[in-house]
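I opened my notebook today to look up a few things in a protein model. Come along and read over my shoulder.

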Amino acid sequence: MSSAVQLQHVYKFYNQVPVVNNLSVEIHTGEIFGLLGPNGAGKSTTIRMLTTLTRPSQGQVTVFGYDVTRDQFQVKRRIGVVLQQISVDGDLTVWENLELHGRLHHLPQPHRQQQINRWLDYVELGDRRQDSVKTLSGGMKRRLQIARALLHQPQILFLDEPTVGLDPQTRRRLWEIIRDLKRLGMTILLTTHYMDEVEYLCDRIGILDNGQLIELGTLAELRHHHGEGLVMHQAHSDGSSGDGDHTQNRWDYQFFPTLDAAKQYLEQQSDKTGMLVRPTNLEDIFVELTGRNLD
Ligand code: ADP
(Lines give C-alpha, C1' and ligand atoms only; values in the text may rest on other atoms or scores of the structure.)
Protein backbone atom coordinates (compact mmCIF):
# COMPACT_ATOMS: atom_id res chain seq x y z
CA MET A 1 0.00 0.00 0.00
CA SER A 2 1.64 3.27 -1.05
CA SER A 3 1.28 6.39 1.02
CA ALA A 4 -0.38 9.59 -0.17
CA VAL A 5 0.50 11.67 2.86
CA GLN A 6 3.18 11.30 5.48
CA LEU A 7 3.65 13.34 8.61
CA GLN A 8 6.74 12.56 10.64
CA HIS A 9 7.22 14.08 14.08
CA VAL A 10 5.42 17.24 13.03
CA TYR A 11 5.06 20.24 15.32
CA LYS A 12 3.36 23.57 14.80
CA PHE A 13 3.97 26.21 17.43
CA TYR A 14 1.91 29.35 17.90
CA ASN A 15 3.36 31.64 20.58
CA GLN A 16 5.65 28.80 21.72
CA VAL A 17 2.59 26.58 22.29
CA PRO A 18 2.55 23.34 20.26
CA VAL A 19 -0.94 23.19 18.68
CA VAL A 20 0.29 20.21 16.65
CA ASN A 21 2.52 18.16 18.90
CA ASN A 22 4.77 15.42 17.51
CA LEU A 23 2.23 14.16 15.00
CA SER A 24 3.22 11.14 12.93
CA VAL A 25 0.64 9.57 10.64
CA GLU A 26 0.40 8.13 7.17
CA ILE A 27 -2.57 8.26 4.80
CA HIS A 28 -2.75 5.47 2.25
CA THR A 29 -3.45 6.04 -1.41
CA GLY A 30 -7.12 5.47 -2.19
CA GLU A 31 -8.47 5.59 1.34
CA ILE A 32 -10.93 7.96 2.99
CA PHE A 33 -9.30 9.08 6.20
CA GLY A 34 -11.35 10.86 8.85
CA LEU A 35 -9.59 13.28 11.17
CA LEU A 36 -11.61 13.83 14.34
CA GLY A 37 -11.03 15.85 17.44
CA PRO A 38 -12.62 18.40 19.75
CA ASN A 39 -12.50 22.06 18.79
CA GLY A 40 -8.97 23.38 19.06
CA ALA A 41 -7.40 19.91 18.68
CA GLY A 42 -5.28 20.98 15.69
CA LYS A 43 -7.25 19.51 12.78
CA SER A 44 -7.40 22.69 10.69
CA THR A 45 -3.76 23.48 11.40
CA THR A 46 -2.82 19.99 10.18
CA ILE A 47 -4.85 20.49 6.98
CA ARG A 48 -3.32 23.94 6.52
CA MET A 49 0.17 22.42 6.69
CA LEU A 50 -0.76 19.66 4.25
CA THR A 51 -2.17 22.17 1.80
CA THR A 52 0.87 24.50 2.03
CA LEU A 53 -1.10 27.31 3.71
CA THR A 54 1.13 27.26 6.76
CA ARG A 55 4.57 25.77 7.38
CA PRO A 56 5.31 23.08 9.91
CA SER A 57 7.58 24.43 12.68
CA GLN A 58 9.38 21.09 12.89
CA GLY A 59 9.20 17.65 11.30
CA GLN A 60 8.48 16.48 7.80
CA VAL A 61 5.23 16.63 5.83
CA THR A 62 5.08 15.06 2.38
CA VAL A 63 2.24 14.68 -0.12
CA PHE A 64 2.86 12.00 -2.73
CA GLY A 65 6.52 12.20 -1.83
CA TYR A 66 6.79 16.00 -2.20
CA ASP A 67 7.79 18.10 0.77
CA VAL A 68 5.15 20.76 1.58
CA THR A 69 7.81 23.36 2.35
CA ARG A 70 10.38 22.69 -0.38
CA ASP A 71 8.14 21.44 -3.22
CA GLN A 72 5.06 23.61 -2.79
CA PHE A 73 4.35 23.77 -6.50
CA GLN A 74 4.37 19.99 -6.91
CA VAL A 75 2.17 19.60 -3.84
CA LYS A 76 -0.36 22.20 -5.05
CA ARG A 77 -0.71 20.42 -8.38
CA ARG A 78 -1.72 17.24 -6.62
CA ILE A 79 -4.20 18.50 -4.03
CA GLY A 80 -7.81 19.62 -4.18
CA VAL A 81 -9.03 21.63 -1.22
CA VAL A 82 -12.48 22.41 0.11
CA LEU A 83 -12.01 24.51 3.22
CA GLN A 84 -14.97 25.92 5.08
CA GLN A 85 -13.73 29.47 5.07
CA ILE A 86 -12.70 29.66 1.41
CA SER A 87 -15.91 30.15 -0.42
CA VAL A 88 -16.74 30.40 -4.08
CA ASP A 89 -17.22 33.93 -5.45
CA GLY A 90 -20.92 34.84 -5.15
CA ASP A 91 -20.77 37.62 -7.75
CA LEU A 92 -19.51 35.32 -10.49
CA THR A 93 -21.53 32.68 -12.28
CA VAL A 94 -20.98 28.99 -11.66
CA TRP A 95 -19.06 28.69 -14.91
CA GLU A 96 -16.96 31.82 -14.27
CA ASN A 97 -15.84 30.42 -10.91
CA LEU A 98 -14.56 27.27 -12.56
CA GLU A 99 -13.07 29.14 -15.50
CA LEU A 100 -11.13 31.37 -13.10
CA HIS A 101 -9.83 28.38 -11.15
CA GLY A 102 -8.91 26.56 -14.37
CA ARG A 103 -6.93 29.57 -15.58
CA LEU A 104 -5.18 29.94 -12.23
CA HIS A 105 -4.05 26.35 -12.65
CA HIS A 106 -2.98 27.05 -16.25
CA LEU A 107 -5.27 24.40 -17.70
CA PRO A 108 -5.06 24.77 -21.47
CA GLN A 109 -8.05 24.82 -23.82
CA PRO A 110 -9.94 22.72 -24.86
CA HIS A 111 -8.97 20.58 -21.84
CA ARG A 112 -10.18 23.33 -19.48
CA GLN A 113 -13.71 23.39 -20.92
CA GLN A 114 -13.84 19.59 -20.97
CA GLN A 115 -12.89 19.46 -17.31
CA ILE A 116 -15.40 22.18 -16.38
CA ASN A 117 -18.19 20.35 -18.19
CA ARG A 118 -17.18 17.01 -16.75
CA TRP A 119 -17.17 18.10 -13.12
CA LEU A 120 -20.21 20.36 -13.39
CA ASP A 121 -22.18 17.40 -14.72
CA TYR A 122 -20.65 15.17 -12.08
CA VAL A 123 -21.95 17.36 -9.24
CA GLU A 124 -25.23 17.92 -11.12
CA LEU A 125 -24.81 21.63 -11.66
CA GLY A 126 -24.59 21.55 -15.45
CA ASP A 127 -27.93 23.33 -15.83
CA ARG A 128 -26.91 26.09 -13.37
CA ARG A 129 -23.71 27.07 -15.17
CA GLN A 130 -24.91 30.55 -16.14
CA ASP A 131 -26.46 31.32 -12.76
CA SER A 132 -24.85 33.65 -10.30
CA VAL A 133 -23.40 31.69 -7.38
CA LYS A 134 -25.32 33.78 -4.85
CA THR A 135 -28.56 32.22 -6.16
CA LEU A 136 -27.40 28.69 -5.28
CA SER A 137 -28.41 26.78 -2.14
CA GLY A 138 -25.82 25.85 0.49
CA GLY A 139 -25.62 22.30 -0.82
CA MET A 140 -25.13 23.50 -4.40
CA LYS A 141 -22.36 25.86 -3.33
CA ARG A 142 -20.61 23.01 -1.55
CA ARG A 143 -20.94 20.86 -4.68
CA LEU A 144 -19.53 23.70 -6.75
CA GLN A 145 -16.56 23.93 -4.35
CA ILE A 146 -15.97 20.22 -4.85
CA ALA A 147 -16.16 20.55 -8.65
CA ARG A 148 -13.66 23.41 -8.46
CA ALA A 149 -11.32 21.40 -6.25
CA LEU A 150 -11.38 18.55 -8.79
CA LEU A 151 -10.84 20.63 -11.92
CA HIS A 152 -7.06 20.28 -12.11
CA GLN A 153 -7.29 16.50 -11.48
CA PRO A 154 -5.76 16.30 -8.03
CA GLN A 155 -4.77 12.97 -6.49
CA ILE A 156 -5.96 13.83 -3.01
CA LEU A 157 -8.92 15.85 -1.81
CA PHE A 158 -9.00 17.66 1.53
CA LEU A 159 -12.49 18.29 2.85
CA ASP A 160 -12.84 20.36 6.01
CA GLU A 161 -16.23 19.56 7.54
CA PRO A 162 -17.82 19.10 4.12
CA THR A 163 -21.43 18.71 5.25
CA VAL A 164 -21.66 21.14 8.13
CA GLY A 165 -24.87 23.18 8.00
CA LEU A 166 -26.48 21.07 5.28
CA ASP A 167 -29.86 19.36 5.54
CA PRO A 168 -29.91 15.54 5.87
CA GLN A 169 -30.87 14.90 2.25
CA THR A 170 -28.13 17.17 0.89
CA ARG A 171 -25.60 15.55 3.23
CA ARG A 172 -26.54 12.12 1.86
CA ARG A 173 -26.06 13.38 -1.69
CA LEU A 174 -22.59 14.68 -0.81
CA TRP A 175 -21.72 11.41 0.88
CA GLU A 176 -22.56 9.59 -2.35
CA ILE A 177 -20.31 11.97 -4.29
CA ILE A 178 -17.46 11.40 -1.82
CA ARG A 179 -17.88 7.62 -1.94
CA ASP A 180 -17.97 7.73 -5.73
CA LEU A 181 -14.76 9.78 -5.85
CA LYS A 182 -13.08 7.05 -3.85
CA ARG A 183 -14.30 4.52 -6.43
CA LEU A 184 -12.61 6.71 -9.06
CA GLY A 185 -9.35 6.27 -7.15
CA MET A 186 -9.25 9.53 -5.19
CA THR A 187 -7.58 9.67 -1.77
CA ILE A 188 -9.64 11.77 0.64
CA LEU A 189 -8.88 13.35 3.99
CA LEU A 190 -11.86 14.83 5.74
CA THR A 191 -12.53 16.41 9.09
CA THR A 192 -15.94 16.08 10.62
CA HIS A 193 -17.89 16.22 13.85
CA TYR A 194 -20.53 13.83 12.63
CA MET A 195 -20.24 10.25 13.76
CA ASP A 196 -22.63 8.92 11.13
CA GLU A 197 -20.47 10.59 8.47
CA VAL A 198 -17.37 8.81 9.74
CA GLU A 199 -19.17 5.49 9.97
CA TYR A 200 -20.52 5.82 6.44
CA LEU A 201 -17.43 7.19 4.73
CA CYS A 202 -14.15 6.61 6.50
CA ASP A 203 -11.84 3.64 6.02
CA ARG A 204 -9.67 4.79 8.91
CA ILE A 205 -10.00 7.31 11.68
CA GLY A 206 -7.44 9.40 13.50
CA ILE A 207 -8.45 11.19 16.70
CA LEU A 208 -6.51 14.31 17.64
CA ASP A 209 -6.57 15.92 21.04
CA ASN A 210 -4.34 18.80 22.14
CA GLY A 211 -2.35 18.44 18.93
CA GLN A 212 -1.57 14.77 19.53
CA LEU A 213 -2.82 11.67 17.80
CA ILE A 214 -4.51 9.68 20.55
CA GLU A 215 -6.16 7.00 18.43
CA LEU A 216 -5.75 5.57 14.95
CA GLY A 217 -7.40 2.70 13.09
CA THR A 218 -10.55 1.42 11.46
CA LEU A 219 -13.81 1.75 13.36
CA ALA A 220 -13.75 -2.03 13.92
CA GLU A 221 -10.21 -1.77 15.35
CA LEU A 222 -11.20 1.10 17.63
CA ARG A 223 -14.25 -0.82 18.87
CA HIS A 224 -12.15 -3.92 19.39
CA HIS A 225 -9.53 -1.94 21.27
CA HIS A 226 -11.93 -0.11 23.59
CA GLY A 227 -14.57 -2.83 23.92
CA GLU A 228 -17.46 -3.72 21.67
CA GLY A 229 -20.11 -3.86 24.37
CA LEU A 230 -21.31 -1.13 26.69
CA VAL A 231 -23.35 -1.12 29.86
CA MET A 232 -24.94 2.22 30.64
CA HIS A 233 -25.99 2.91 34.23
CA GLN A 234 -28.37 5.71 34.94
CA ALA A 235 -26.93 7.37 38.00
CA HIS A 236 -28.95 9.81 40.09
CA SER A 237 -26.88 12.74 41.09
CA ASP A 238 -28.29 14.39 44.22
CA GLY A 239 -26.06 17.43 44.09
CA SER A 240 -23.70 16.21 46.82
CA SER A 241 -21.07 15.45 44.18
CA GLY A 242 -20.65 19.12 43.46
CA ASP A 243 -22.79 19.06 40.32
CA GLY A 244 -25.05 21.76 41.73
CA ASP A 245 -27.98 21.46 44.06
CA HIS A 246 -30.61 20.14 41.65
CA THR A 247 -31.23 16.45 41.10
CA GLN A 248 -30.31 15.27 37.63
CA ASN A 249 -29.76 12.04 35.75
CA ARG A 250 -26.48 11.17 34.18
CA TRP A 251 -25.19 8.05 32.56
CA ASP A 252 -22.11 6.12 33.57
CA TYR A 253 -20.51 3.96 30.89
CA GLN A 254 -18.71 0.68 31.35
CA PHE A 255 -16.93 -0.96 28.40
CA PHE A 256 -16.77 -4.74 27.86
CA PRO A 257 -14.69 -6.67 25.31
CA THR A 258 -17.82 -8.02 23.58
CA LEU A 259 -21.53 -7.30 23.53
CA ASP A 260 -22.09 -10.77 25.02
CA ALA A 261 -19.79 -9.97 27.93
CA ALA A 262 -21.78 -6.78 28.55
CA LYS A 263 -25.06 -8.74 28.44
CA GLN A 264 -23.65 -11.36 30.80
CA TYR A 265 -22.65 -8.66 33.26
CA LEU A 266 -26.18 -7.26 33.18
CA GLU A 267 -27.67 -10.72 33.69
CA GLN A 268 -25.63 -11.11 36.87
CA GLN A 269 -26.96 -7.92 38.43
CA SER A 270 -29.72 -8.44 40.99
CA ASP A 271 -31.05 -4.93 40.41
CA LYS A 272 -31.08 -4.02 36.75
CA THR A 273 -32.97 -0.76 37.21
CA GLY A 274 -31.58 2.05 35.08
CA MET A 275 -29.18 -0.23 33.21
CA LEU A 276 -28.92 -0.66 29.47
CA VAL A 277 -26.72 -2.75 27.17
CA ARG A 278 -25.78 -1.84 23.62
CA PRO A 279 -22.92 -2.11 21.09
CA THR A 280 -20.22 0.55 21.49
CA ASN A 281 -20.19 3.29 18.86
CA LEU A 282 -17.60 5.84 17.82
CA GLU A 283 -19.14 8.59 19.91
CA ASP A 284 -18.72 6.46 23.08
CA ILE A 285 -15.05 5.96 22.25
CA PHE A 286 -14.58 9.64 21.43
CA VAL A 287 -16.12 10.72 24.73
CA GLU A 288 -14.09 8.13 26.63
CA LEU A 289 -10.86 9.39 25.05
CA THR A 290 -11.39 13.13 25.03
CA GLY A 291 -13.97 13.66 27.76
CA ARG A 292 -16.01 15.63 25.27
CA ASN A 293 -18.87 15.02 22.87
CA LEU A 294 -18.32 15.01 19.14
CA ASP A 295 -20.22 18.28 18.74
P1 ADP B 1 -9.35 22.50 15.19
O2 ADP B 1 -9.40 22.63 13.71
O3 ADP B 1 -9.12 21.10 15.65
O4 ADP B 1 -10.55 23.11 15.87
P5 ADP B 1 -7.19 24.41 15.03
O6 ADP B 1 -6.12 23.77 14.25
O7 ADP B 1 -8.07 25.42 14.35
O8 ADP B 1 -8.07 23.29 15.74
O9 ADP B 1 -6.55 25.15 16.28
C10 ADP B 1 -5.65 24.52 17.19
C11 ADP B 1 -5.15 25.55 18.17
O12 ADP B 1 -4.29 26.45 17.51
C13 ADP B 1 -6.24 26.38 18.81
O14 ADP B 1 -5.94 26.56 20.16
C15 ADP B 1 -6.16 27.68 18.05
O16 ADP B 1 -6.59 28.73 18.85
C17 ADP B 1 -4.69 27.78 17.72
N18 ADP B 1 -4.42 28.52 16.47
C19 ADP B 1 -4.82 28.18 15.25
N20 ADP B 1 -4.37 29.06 14.31
C21 ADP B 1 -3.67 30.00 15.00
C22 ADP B 1 -2.95 31.19 14.63
N23 ADP B 1 -2.87 31.58 13.35
N24 ADP B 1 -2.36 31.89 15.62
C25 ADP B 1 -2.40 31.49 16.91
N26 ADP B 1 -3.06 30.39 17.33
C27 ADP B 1 -3.69 29.65 16.40
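Here are my entries on a sheet, a glycine and some helices.

**Entry 1: the sheet.** I noted to begin with that this model is predicted. I then asked in what order the strands of the open sheet run. I found four strands in the order 2-1-4-5, with antiparallel pairing. Strand 2 (17-28) and strand 5 (66-67) each have a single partner strand, so one side of each is left without a neighbour in the sheet. As a reminder to myself, strands of a sheet pair through backbone hydrogen bonds.

**Entry 2: one pair up close.** I looked at strand 1 (residues 3-14) and strand 4 (residues 58-63), which pair over five bridges. Opposite Gln 6 I found Thr 62 of strand 4. I also saw helix 1 (residues 43-50) lying across strand 1, strand 2 and strand 4. Helix 1 runs at about 120 degrees to strand 1.

**Entry 3: a glycine.** Is Gly 34 buried or exposed? I looked up its relative accessible area, which is 0%, so Gly 34 is buried. Gly 34 belongs to strand 3 (residues 32-36). Beyond its sequence neighbours within four places, Gly 34 contacts Leu 190, Cys 202, Arg 204, Ile 205 and Gly 206. Gln 60 is 26 residues from Gly 34 in sequence, and their C-alpha atoms are 21 Å apart.

**Entry 4: helix 3.** I checked which residues are buried in helix 3 (residues 94-104), and among them are Val 94, Leu 98 and His 101. The buried residues of helix 3 pack against helix 4 (111-122) and helix 5 (138-150). Just after helix 3, I spotted His 106 with a positive phi of about 55 degrees.

Key. Residues are numbered from 1 along each chain as its sequence is written. This is a predicted model: local features need pLDDT of at least 70, side-chain atom pairs count only at pLDDT 80 or more; totals for chains, interfaces and linings use all residues. Side-chain values use heavy atoms; hydrogens and water are left out. Buried means under 20% relative accessible area, exposed over 50%, partly exposed in between (1.4 Å probe, protein chains only). Helices (H or I, at least four residues) and strands (E, at least two) are DSSP runs, numbered from the N terminus. Contact means heavy atoms within 4.5 Å. Two strands pair if DSSP finds at least two bridges between them. Axes are lines fitted to C-alpha atoms, for helices over the stretch in contact, and angles run from 0 to 180 degrees between N-to-C directions.
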